[in-house]
Structures are given as C-alpha cells and as structure tokens.
Amino acid sequence: MVIGFVQTKGGTGKSTLAVNTAFSRYMNQKFSSIALVELDSQGTLKNWWQDREEMGYDPGNVSFHHISSTQKEVFQQGIKSISDYNDLIIMDIPGEGTGKLHTRFACAYCDLVIIPMRMSTNDESAFMNNLYPLIKQIVRAVPEKKGRFFVLPVFVHPLQNWQTCVNYFEEVLPSQVACLPAVFPSRSVYENYNRKGLTLKEYATVVASNKKLTAQVEKAITDIDKICKTILDRGR
Ligand SMILES: Nc1ncnc2c1ncn2[C@@H]1O[C@H](COP(=O)(O)OP(=O)(O)O)[C@@H](O)[C@H]1O
Ligand SMILES: [Mg+2]
C-alpha cells in the first residue's frame, strides 16, 4: 500500500504526519516493512534521519529514502525498487515550486492521498487553485483513483469536536475529495519531540519523569494511531 501526504501549501503538517505514521504503533503492527519516502529537495526528514543515525537509534522496521529528482523515469525507478522490499510506503510530497511534478507523479502513484488542511479560507483557496486541478486531471485520466483523495483537518484545537470539522469540510470540498473522519490536533509536543532525531515513542522515554509531558506524548501517540486506523479503513 502506498500512502502520500500531499499539500501544495507548506507548513500544514505533511512531514510531521508522514514520520509519525511511519513510526506509529498501529502501522507497525499491521506492516512488517515500512518505507518512509521524502520527495523534497529541502530534505527536512533527511536531516532528521541523519540525526537518528548519528545517535544510533534503532529504526525498527522503518527504512528511509530520499528522492529529489523530478525526472519521471528516475522517480518511477526509485519508487519501484522501494516497493519491491516494503509492504507500506509513506510519502512526504512537497509543495510549491519544484513540487508540482512530484505532486503529479506521486498523486497518480498513491493508493491513498491524504491532504492535510487547516479550516481556513486561505488553505481552501490554495487547495482549489493548486492541488484540485491536479486531482481532477488524475481522476479524469485514471477513473479508479476517484475516492482515493482525503482531506485531514489539521491544527485542530484539541477540545474541538472532530465531527464539526468533518462536517465543515464535507460542505466545502468538491465531489472528488472526501474528508477523513479524524483530525490532527494541534499540540506543542509535535513541535518538540523530534529534536535530535527522536520519534514520539523515544521522546516518551526521555520525558518519562515529567508527568505533564508524558501525558501530552501519550495523547499524541493516540492521535496518530487513530489517524492511521482511519486511513487504513478507507484503504480497504
Ligand atoms: N499537530 C501539530 N500541532 C502543533 N504543531 C505542529 C503540528 N503538526 C506540525 N506542527 C509544526 O508545524 C510546523 C510545520 O509542520 P511540517 O510537518 O513541517 O509541515 P509541512 O511538511 O507541511 O511543511 C513544524 O514546526 C511542526 O513542528
Ligand atoms: Mg515538509
């Protein structure tokens, strides 16, 4: 299965979601080998992975791959060899600028495309202007891809009722795109856990003596598992 986190807009949580999905408890129970693939010349995840390697952290059943070429053949070859060795591929697909070609290849390649989006008219119009035209093209060319595009509401206040967010998006989204029945809450732990190449689970052990932080990380781990379960339920 190939899952892509896509947004032409930056700073919507793509990389955070990609990493945490790949290292989630849920996905690691369901899949024996997981590839985390970054298609971004900036290499946010690449740097994080290098930090991990320097610290000697155990990657478990997750491997990391960085593909920055925008040549279609190089992209396809890279993905092909990764899919030969992994039963789950999670792609972090970049936004503006050079992102366009990647976005097109990747969206066409993914079994499920998850689009992290804030509840804001700004994000909605960016989506309608940039990503939606690509989705329409893909669905026109490959009709089976219809029903494979999902918005995930992000930066949602932790006390906000998730159903309200979902209803909101179901109202404003075009028919080719649905809203996942889950949200990615805003929590400061997502901004802090990954310093020095840590995953949420590893960060939990680092802050184990701090009750408040531990409670936060546990909430985050639960958020991610719920998102993973919701994604896999849609993928069936
Ligand atoms: N759920 C969240 N709550 C709080 N901060 C978040 C959350 N998700 C991401 N962030 C922070 O927002 C910034 C952008 O996230 P990132 O995953 O890098 O976005 P993108 O890959 O879409 O550009 C980062 O500083 C990240 O730590
Ligand atoms: Mg990113």
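Asn194 lies in the loop between helices α8 and α9, and that loop is a friendly place to start in this predicted model. With a relative accessibility of 29%, Asn194 counts as partly exposed, because buried means under 20% and exposed means over 50%. Along the chain, Asn194 and Trp48 are 146 residues apart, yet their C-alpha atoms are 7.7 Å apart in space.

The loop between α8 and α9 (200-206) also holds Lys196. Lys196 has a positive phi of about 65°, although it is not a glycine. Its relative accessible area of 61% is over 50%, so Lys196 counts as exposed.

## The protein as a whole

Stepping back, you can find 10 helices and 8 strands in the protein. How does the radius of gyration fit a compact globule? A compact globule of 236 residues would have a value near 18 Å, and the protein has 17 Å, so the two agree. Taken along the principal axes, the C-alpha atoms fill a box of roughly 55 × 40 × 30 Å.

Of the 236 residues, 51% count as buried. The accessible surface of the protein comes to about 11,300 Å², and carbon and sulfur atoms account for 50% of it. The contacts tell us about the fold too: among those between residues at least 6 apart in sequence, 76% join residues at least 24 apart.

## Around ligand 1

Now let us turn to the ligand. Which residues come nearest to ligand 1? Of the 14 residues around it, these are Gly11, Lys14, Ser15, Thr16 and Pro185. By character, the residues of this shell divide into 4 nonpolar, 7 polar and 3 charged.

Three polar contacts with backbone atoms of the protein are set out here.

| Residue | Protein atom | Ligand 1 atom | Distance |
|---|---|---|---|
| Gly11 | polar backbone atom | oxygen | 2.7 Å |
| Thr12 | backbone N or O | oxygen | 3.0 Å |
| Arg187 | polar backbone atom | nitrogen | 3.0 Å |

Taken alone, ligand 1 exposes 560 Å², and the protein buries 78% of that area. The elements that give two or more residues to the shell are α1 (14-22), β8 (184-185) and α8 (189-192). Helix α1 provides the largest share, with 3 residues.

## Back to helix α1

Helix α1 is also the place of Thr21. Is Thr21 buried or exposed? At 1% relative accessibility, which is under 20%, Thr21 counts as buried. Leaving out residues up to four places away in sequence, Thr21 touches Phe5, Met27, Ile90, Ile224 and Cys228.

## Some partly exposed residues

A few other positions are worth a visit as you turn the model. Phe155 sits in strand β6, which covers residues 149-156. Phe155 has a positive phi of about 55° although it is not a glycine. Its relative accessible area is 43%, so Phe155 is partly exposed.

Next comes Leu101, in helix α5 (residues 99-109). Leu101 counts as partly exposed because its relative accessibility is 37%. How far apart are the C-alpha atoms of Leu101 and Lys146? They are separated by 20 Å, and the two residues are 45 residues apart along the chain.

Ser81 belongs to helix α4, made up of residues 72-85. With a relative accessible area of 37%, Ser81 is partly exposed. The C-alpha atoms of Ser81 and Ile3 are separated by 16 Å, while along the chain the two residues are 78 residues apart.

## Where to look

To find your way around the model, you might begin at ligand 1, with Gly11, Lys14, Ser15, Thr16 and Pro185 as the residues that come nearest. From there, helix α1, which gives 3 residues to the shell, leads on to buried Thr21. The loop between α8 and α9 then brings you back to Asn194.

Technical notes. Residues are numbered from 1 along each chain as its sequence is written. Chains are lettered from A and ligands numbered from 1 in the order in which they are written. This is a predicted model: local features need pLDDT of at least 70, side-chain atom pairs count only at pLDDT 80 or more; totals for chains, interfaces and linings use all residues. Side-chain values use heavy atoms; hydrogens and water are left out. A residue is near a molecule or strand if one of its heavy atoms lies within 4 Å of it. A polar contact is a pair of N or O atoms within 3.5 Å; within protein, one must be able to donate a hydrogen and the other to accept it, and residues adjacent in sequence count only if both atoms are side-chain atoms. Accessible areas come from the Shrake-Rupley method with a 1.4 Å probe; for residues, only the protein chains shown count as cover. Helices (H or I, at least four residues) and strands (E, at least two) are DSSP runs, numbered from the N terminus. Ala, Val, Leu, Ile, Met, Phe, Trp, Tyr, Cys and Pro count as nonpolar, Asp, Glu, Lys and Arg as charged, and the others, Gly among them, as polar. The radius of gyration is taken over C-alpha atoms; the globule rule is 2.2 Å times the number of residues to the power 0.38. Buried means under 20% relative accessible area, exposed over 50%, partly exposed in between (1.4 Å probe, protein chains only). Contact means heavy atoms within 4.5 Å.
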